[in-house]
Amino acid sequence: MTLALALTAFLLSAALVPDAPAPAASPAAAPRIVVEPASFDFGTIKPAHVVEKEFVLRNHGRTDLRIDSIVSSCHCAAILADTKLLVKPGASTTFRVRLTTPETAGRLQRSVLVKSNDPAQPTLEVKLEAFVVAPRREKD
């Protein structure tokens, strides 16, 4: 077999390998997730009170951003999302968080986790805070 024929056979066999991984996107071409605001403090709230906040998810990357899931760290925070599963480069979408405060007073710290295909930040944490005040007691 000549060198040219052997080289051609090697190149063809390498091109036909079915399990070869696709080339990775360069970091500059990857999706880049940004959430605004990055965290939110609801301030002082009464016990068993419901508050909501809207967040904006943006794709600052150069390829499509796929949102795999948006979940909260507790049952007290519900995610209200009409969220697109795919956010084009330069585009945005929104989601709302509905937080129900507990019956007990004190500092409340929770998180919302946004999982995506951003290689630099596959799970983005949005921190939520509130201070639940004790209810006033009526004098007899």
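1. The protein has one helix and nine strands, and in this predicted model their order along the sequence is α-β-β-β-β-β-β-β-β-β. Among contacts with a separation of 6 or more, 64% are between residues 24 or more positions apart. Buried residues make up 27% of the 140 residues, and the accessible surface comes to about 9,500 Å², with 57% of that area belonging to carbon and sulfur atoms.

2. On confidence, the pLDDT averages 81 over the protein, and 75% of the residues score at least 70. The stretch to set apart is residues 1-23, where the pLDDT is below 50 and where the model shows one contact beyond near neighbours in sequence. Where pLDDT is low, the predicted coordinates should not be read in detail.

3. The largest nonpolar core has 24 residues, and those with the most contacts inside it are Leu57, Ile67, Phe95, Leu99, Val112 and Val114. At least two residues of this core come from each of β1 (33-36), β2 (39-45), β3, β4 (65-72), β7, β8 (106-116) and β9, with β9 giving the largest share, four residues. As general background, nonpolar side chains in soluble globular proteins tend to be buried together.

4. Valine 114 gives a view of the surroundings of one of those highly connected core residues. Not counting residues up to four places away in sequence, valine 114 touches Ile33, Leu57, Ile67, Ser69, Ile70, Phe95, Pro122, Thr123 and Leu124. Three of these partners, Leu57, Ile67 and Phe95, are themselves listed among the core residues with the most contacts.

5. The structure holds two aromatic pairs. In one of them, phenylalanine 40 and phenylalanine 42 meet edge-to-face, with 4.9 Å from centre to centre and 80° between the planes. The two rings belong to residues that differ in exposure, since phenylalanine 40 is partly exposed at a relative accessible area of 27%, whereas phenylalanine 42 is buried at 14%.

6. The other pair, phenylalanine 55 with phenylalanine 95, is stacked, at 5.4 Å centre to centre and with 15° between the planes. Phenylalanine 55 lies in strand β3 (residues 50-59) and phenylalanine 95 in strand β7 (residues 92-100), so this pair ties together parts that are 40 residues apart in sequence. Both phenylalanine 55 and phenylalanine 95 are buried.

7. Threonine 101 sits in the loop between β7 and β8, and at 4% relative accessibility this loop residue counts as buried. A polar atom of its side chain lies 2.8 Å from the backbone oxygen of lysine 46, and the side chain of threonine 101 also reaches the backbone nitrogen of alanine 48 at 3.1 Å. Leaving aside neighbours within four places in sequence, threonine 101 is in contact with Ile45, Lys46, Pro47, Ala48, His49, Leu108 and Val132.

8. Alanine 48, one of those partners, is in the loop between β2 and β3. The backbone deserves a look here, as phi of alanine 48 is near 55°, a positive value in a residue other than glycine. Alanine 48 is partly exposed, with a relative accessible area of 42%.

9. Valine 132 lies in strand β9 (residues 123-132) and is buried, at 1% relative accessibility. Not counting residues up to four places away in sequence, valine 132 touches Ile45, Lys46, Pro47, Thr101, Pro102, Thr104, Ala105 and Gly106. The C-alpha atoms of valine 132 and alanine 48 are separated by 8.9 Å, although the two residues are 84 residues apart along the chain.

10. Glutamine 109, in strand β8, is exposed, with a relative accessible area of 53%. Leaving aside neighbours within four places in sequence, glutamine 109 is in contact with Leu128 and Glu129. The C-alpha atoms of glutamine 109 and aspartate 41, 68 residues apart along the chain, are separated by 9.1 Å.

11. A further backbone feature to inspect is the cis peptide bond that joins glutamate 36 and proline 37, where omega is about -10°. Proline 37 lies in the loop between β1 and β2.

Technical notes
Residues numbered from 1 in each chain as written. Heavy atoms only, no water. Phe/Tyr/Trp six-rings, centres within 6.5 Å; stacked < 30°, edge-to-face > 60°. Buried < 20%, exposed > 50% of the residue type's maximum accessible area, 1.4 Å probe, protein only. Contact = heavy atoms within 4.5 Å. pLDDT = per-residue confidence, 0-100. Core = buried A, V, L, I, M, F, W, Y, C linked by side-chain atoms within 4.5 Å. Areas by Shrake-Rupley, 256 points an atom, 1.4 Å probe, with all protein chains shown as cover. Polar contact = N/O pair within 3.5 Å; in protein donor to acceptor, adjacent residues only side chain to side chain.
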